[in-house]
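I opened my notebook for this one and went through it piece by piece. Here is what I looked up, in the order I did it.

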Amino acid sequence: MTRHDHPAATYEARIRRVTRYIVDTPDGDLSLDALADVAAMSRFHFHRVYAAMTGETVAQAVRRLRLHRAGKWLVQGGDPVEVIAARVGYANAQSFNRAFKAHYGITPLAFRAAGQADRMTLTLRKGDPAMYPVEIRNCAPARLAALPHKGDYHQIARAFTELAAIFSARGLWPQARGMAAIYYDSPADTPEPDLRSAAGILVEQDFAMPEDLQDIPLPDGDHLVLTFKGAYAGLPAAWDHAYGVALPDSGRMPADSPSFEVYLNDPTDTPPEALLTEIHIPLHG
């Protein structure tokens, strides 16, 4: 099978299409939503796929490619710096100068005097050598009794502790079917205070949801499921593998719904090295 025929080639083509769009419209709408549309991919998943496959966040790519285009115009034309700054989406020459010097180590005028622009490259990250069990699994619809959490994902334990206290106080544990968490945003592209997640307990469809808990449905259908064994600190690398290797290699596109983790054992009575976590990416079609 050639690289062109490989299932991951579809994802590579989408990433390259986004890169060309950023270069061609540096003063345009380069928000996550707009670039997800260019990639024809759900916003829930686009930023994770992009970062996992390229090794840089969407925001880093936008900044780098804008400055690359500016470097070309500085060397190949005579427009004033403030004009070029506006053409690549900067509000003023001062912010452009700071960003340009931070990236290239010299001012735009010194770069122009040097007379040689850098070449634009897109390097896709090579597959993670770590291996994880991955399968496409047809899942039944599920339901979470959940509490929202905002901020550092590592602090979601507070929401789980509060949720557990509610289930204990109300005698609801006999109706629990497991624990799960939804992570709506990518830490690479979202400021930490704005990260949104939800800590949840899996319950049956006929569970009488308390008014002070969120009722969150989890989608049925095909999911890409990666199983990770080990301490939770190793989960970021597993997420990168899921989005940068396993999902592209599957040849399937993600559905327009967020991914989530399912915890198969209890960290309070399980050694960290024996913890089992499933990463679920709902798939389209």
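**Entry 1: helix 4**

What should the 19 residues of helix 4 span at 1.5 Å a residue, and how far apart are its end C-alpha atoms? I should say first that I'm working with a predicted model. Helix 4 covers residues 58-76, and at that rise I'd expect 27 Å. The C-alpha atoms at its two ends are 27 Å apart, so the expectation and the model agree.

Next I wanted to know which residues of helix 4 are buried. My list reads V58, A61, V62, R64, L65, R66, L67, H68, A70, G71, W73 and L74. Then I asked what covers them. The cover includes helix 1 (8-24), helix 2, helix 3, helix 5 (81-87), helix 6 (93-104) and helix 7 (108-114).

**Entry 2: the whole chain**

I stepped back to look at the chain overall. I noted nine helices and eight strands. The C-alpha trace spans about 75 × 45 × 35 Å along its principal axes. The chain has 285 residues, and 47% of them count as buried. I also checked contacts with a separation of 6 or more: 72% of these come from residues 24 or more positions apart.

**Entry 3: helix 3 and its partners**

At what angle do helix 2 and helix 3 pack? I got about 85 degrees for helix 2 (residues 32-39) against helix 3 (residues 43-54), and their axes are 9 Å apart. That angle is why I can call helix 2 roughly perpendicular to helix 3. On the helix 2 side, the contact uses L32, D33, L35, A36 and A39, while helix 3 brings R43, F46 and H47. Sorted by class, the residues of this contact are five nonpolar, one polar and two charged.

I then tried helix 1 with helix 3. Their axes come within 11 Å and cross at roughly 100 degrees. These two helices are therefore roughly perpendicular to each other. Helix 1 makes the contact with Y11, E12, I15, V18 and T19, and helix 3 with F46, V49, Y50, M53 and T54. The classes here are seven nonpolar, two polar and one charged.

F46 turned up in both lists: it is in the contact with helix 2 and in the contact with helix 1.

**Entry 4: A40**

Where does A40 lie? I found A40 in the loop between helix 2 and helix 3. Its phi is near 55 degrees, which is a positive value in a residue other than glycine. Is A40 buried, partly exposed or exposed? Its relative accessibility is 48%, so A40 counts as partly exposed.

**Entry 5: the sheet**

In what order do the strands of the sheet run? I traced an open sheet of eight strands, 1-6-8-7-3-4-2-5, with antiparallel pairing. The edges are strand 1 (134-139) and strand 5 (214-218), each of which pairs on one side only. From one strand to the next, the twist averages 35 degrees.

I followed the bridges from strand 1 inward. Strand 1 runs antiparallel to strand 6 (residues 221-229), and six bridges join them. E135 stands opposite V225 in strand 6, and R137 has H223 of strand 6 as its bridge partner. Strand 6 is also antiparallel to strand 8, this time with seven bridges. H223 shows up again here, with P282 in strand 8 as its bridge partner.

What lies across the sheet? Helix 9 (residues 235-250) lies across strand 1, strand 3 (176-183), strand 6, strand 7 (260-263) and strand 8 (276-282). Helix 9 runs at about 140 degrees to strand 6.

**Entry 6: L275**

My last stop was L275, in the loop between strand 7 and strand 8. Is L275 buried or exposed? With 4% relative accessibility, L275 counts as buried, because the cut-off is under 20%. Which residues does L275 touch, leaving aside neighbours within four places in sequence? I wrote down F228, K229, G230, A231, Y232, N265, D266, P267 and T270. I also took one distance: the C-alpha atoms of L275 and E162 are separated by 21 Å, and the two residues are 113 apart along the chain.

Notes: Residues are numbered from 1 along each chain as its sequence is written. This is a predicted model: local features need pLDDT of at least 70, side-chain atom pairs count only at pLDDT 80 or more; totals for chains, interfaces and linings use all residues. Side-chain values use heavy atoms; hydrogens and water are left out. Axes are lines fitted to C-alpha atoms, for helices over the stretch in contact, and angles run from 0 to 180 degrees between N-to-C directions. Helices (H or I, at least four residues) and strands (E, at least two) are DSSP runs, numbered from the N terminus. Angles under 35 degrees count as roughly parallel, over 145 as roughly antiparallel, 65 to 115 as roughly perpendicular and the rest as oblique. Contact means heavy atoms within 4.5 Å. Ala, Val, Leu, Ile, Met, Phe, Trp, Tyr, Cys and Pro count as nonpolar, Asp, Glu, Lys and Arg as charged, and the others, Gly among them, as polar. Two strands pair if DSSP finds at least two bridges between them. The expected span of a helix is 1.5 Å times one less than its number of residues. Buried means under 20% relative accessible area, exposed over 50%, partly exposed in between (1.4 Å probe, protein chains only).
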